[in-house]
Amino acid sequence: MTCKENHRRHLSPDNQLGPSSLLLKVRRGVLSTMACLLSASTSSAGGSIIGNGAGLVENNFAYVYSILPNSIEECFAFKNCDLSTSEQSLLKKIQNVLSLNKSLKTNIEFVSEKQNPGFFTTGDNEDHRIAKTCLDNSCPIYVNLDLLYDKDGKPALEIPTIASVLIHELGHQAGEGSHTTLDILGSKLRKAFLLKISSNKLLTGTSIGFVVSIINQKFPFQYSDLFVGFEDQAPLNITQELMKEVHCSKTEDALAGFELYNGHFLGSLKSADNSPIINYGLWINLSCFNEEREEITSETWEIEFSLPKNLIPEVTKNQKISLE
Ligand SMILES: [Zn+2]
């Protein structure tokens, strides 16, 4: 089964179910779906953005855009975004725009206001010109490159704020003209994203910190994305490399979902060429599906790994723990 077919199967609209029935529904081919999803978030970042797309914030824009369809489904399936009836119908229109936009070559374009004076000035009463788009999806979302980093080159926008900006602009593409309505909807999505993300930073002796971020997704099944990297670089999604080392304790069980949490730094060492080797630990909850018994059990593992210069994780500890 190809990634495309597999996605279509699991992302079909009839999948708007609660968490337990959802897990049962994804029991077959779940590993290949997971592999596709895990690689999708990095590969989709490449094709959909234009401009100076090399930095951390530009990459986060592309990443958030790629997970928005599933994050919106989470809002509906888990009722965790505190949406009014009219906001629900607006978000459904945004879902529709996201699905129509899949065929577009460019979804986000980064433009420097300084190099194109007046580009982000529209004359209406919207003062925060971080982005603009059309009242349909005939143009991409233009993002103001000059506002993505502060004067020291540090990211000025975090992932939850990026989600609110994208929801605002996608709302315009869905035909909504009111900036206020979209700001409120954007802030609700921002809140939902804040709960999905945990991030921590290690100072390595320079002004540039090393950041590890875990982003938890509940739709179409529970999984997490794990990003690592120095603050001044595009983050690397290492979930797939890490999950290669992780298995349910019974070999006949298939992995039906996982959640990374309790992430913590274990310090850093210097390698022979003086580059830091970062040591990191986290816990993983695994949902293990037994096909014969049609039963899902969960188990918790403690993982520790090192990140050498190439940031490919080398697992140093992988042990099942009991939480009784
Ligand atoms: Zn607006």
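**Exercise 1. Determine which residue of β10 is the bridge partner of alanine 254, and place this pair in its sheet.**

Solution. In this predicted model, alanine 254 has phenylalanine 289 as its bridge partner in β10. The next step is to consider the strands that carry such pairs. Strand β9 is joined to β10, residues 276-290, by 13 bridges, and the two run antiparallel. Both strands belong to an open sheet of 4 strands, whose order is β9-β10-β11-β12 and whose pairing is antiparallel. At the edges of this sheet stand β9 (254-270) and β12 (314-321); each has a single partner strand, so one side of each is left without a neighbour in the sheet. Finally, neighbouring strands of this sheet are turned against each other by 20° on average, with direction ignored.

**Exercise 2. State where asparagine 274 and glutamate 294 are found, and decide whether each counts as buried or exposed.**

Solution. Asparagine 274 lies in the loop between β9 and β10. Its phi is near 75°, a positive value in a residue other than glycine. The second step is a count of neighbours: a residue is exposed if 12 or fewer other C-beta atoms lie within 10 Å of its own. Asparagine 274 has 6 C-beta neighbours inside 10 Å and therefore counts as exposed.

The same procedure is applied to glutamate 294. Glutamate 294 is placed in the loop between β10 and β11 (295-307). Although glutamate 294 is not a glycine, it has a positive phi of about 50°. With 9 C-beta neighbours inside 10 Å, glutamate 294 counts as exposed.

**Exercise 3. Describe the open sheet with the order β5-β6-β7-β8, strand by strand.**

Solution. This open sheet has 4 strands with antiparallel pairing. Its edges are taken by β5 (197-203) and β8 (236-237); because each has a single partner strand, one side of each is left without a neighbour in the sheet.

The pairing of β5 with β6 is antiparallel and extends over 7 bridges. Within β6, isoleucine 215 is the bridge partner of isoleucine 197, and valine 211 is that of lysine 201. These two strands form a hairpin with 5 residues between them, and glycine 205 in the turn has a positive phi of about 95°.

The following step leads from β6 to β7. Here 8 bridges join the antiparallel strands, and serine 213 has phenylalanine 227 as its bridge partner in β7. A hairpin joins β6 to β7 through 5 residues. Proline 220 is located in the loop between β6 (209-217) and β7 (223-230). The peptide bond that joins phenylalanine 219 and proline 220 is cis, with omega about 5°.

**Exercise 4. Identify the residues that touch the most other members of the largest nonpolar core, and the elements that give two or more residues to this core.**

Solution. The largest nonpolar core has 37 residues, of which Phe61, Val64, Ile94, Val143, Ala163 and Leu166 touch the most other members. Two or more residues each come from α4 (56-78), α5 (85-101), β2 (108-111), β4 (141-144), α6 (159-173) and α7 (179-196). Of these elements, α4 gives the most, with 10 residues. In soluble globular proteins, nonpolar side chains tend to be buried together.

Valine 64 may serve as an example. When its neighbours within four places in sequence are left aside, valine 64 is in contact with Ile159, Ile162, Ala163 and Leu166. Apart from this core lies another, of 27 residues, including Tyr223, Ile238, Cys288 and Leu307.

**Exercise 5. Characterise the crossing of α6 and α7 and the residues at their contact.**

Solution. The axes of α6 and α7 come within 8 Å and cross at roughly 145°. This crossing is right-handed. Among the residues of α6 in the contact are Ile159, Ala163, Ile167 and His172, while α7 contributes residues including Leu182, Leu185, Leu189 and Phe193. Sorted by kind, the residues of the contact are 10 nonpolar, 7 polar and 2 charged.

**Exercise 6. Summarise the chain by its secondary structure, burial and contacts.**

Solution. The secondary structure comprises 8 helices and 12 strands. Of the 324 residues of the chain, 34% count as buried. Among the contacts with a separation of 6 or more, 59% are between residues 24 or more positions apart.

Methods. Residues are numbered from 1 along each chain as its sequence is written. This is a predicted model: local features need pLDDT of at least 70, side-chain atom pairs count only at pLDDT 80 or more; totals for chains, interfaces and linings use all residues. Two strands pair if DSSP finds at least two bridges between them. Axes are lines fitted to C-alpha atoms, for helices over the stretch in contact, and angles run from 0 to 180 degrees between N-to-C directions. A nonpolar core is a set of buried Ala, Val, Leu, Ile, Met, Phe, Trp, Tyr and Cys residues joined through C-beta atoms within 7 Å. A residue is buried if 20 or more other C-beta atoms lie within 10 Å of its own, exposed if 12 or fewer, and partly exposed in between; C-beta atoms are placed from the backbone. Two residues are in contact if their C-beta atoms, placed from the backbone, lie within 7 Å. A crossing is left-handed if the near helix is turned anticlockwise from the far one by less than a right angle, and right-handed if clockwise. Ala, Val, Leu, Ile, Met, Phe, Trp, Tyr, Cys and Pro count as nonpolar, Asp, Glu, Lys and Arg as charged, and the others, Gly among them, as polar.
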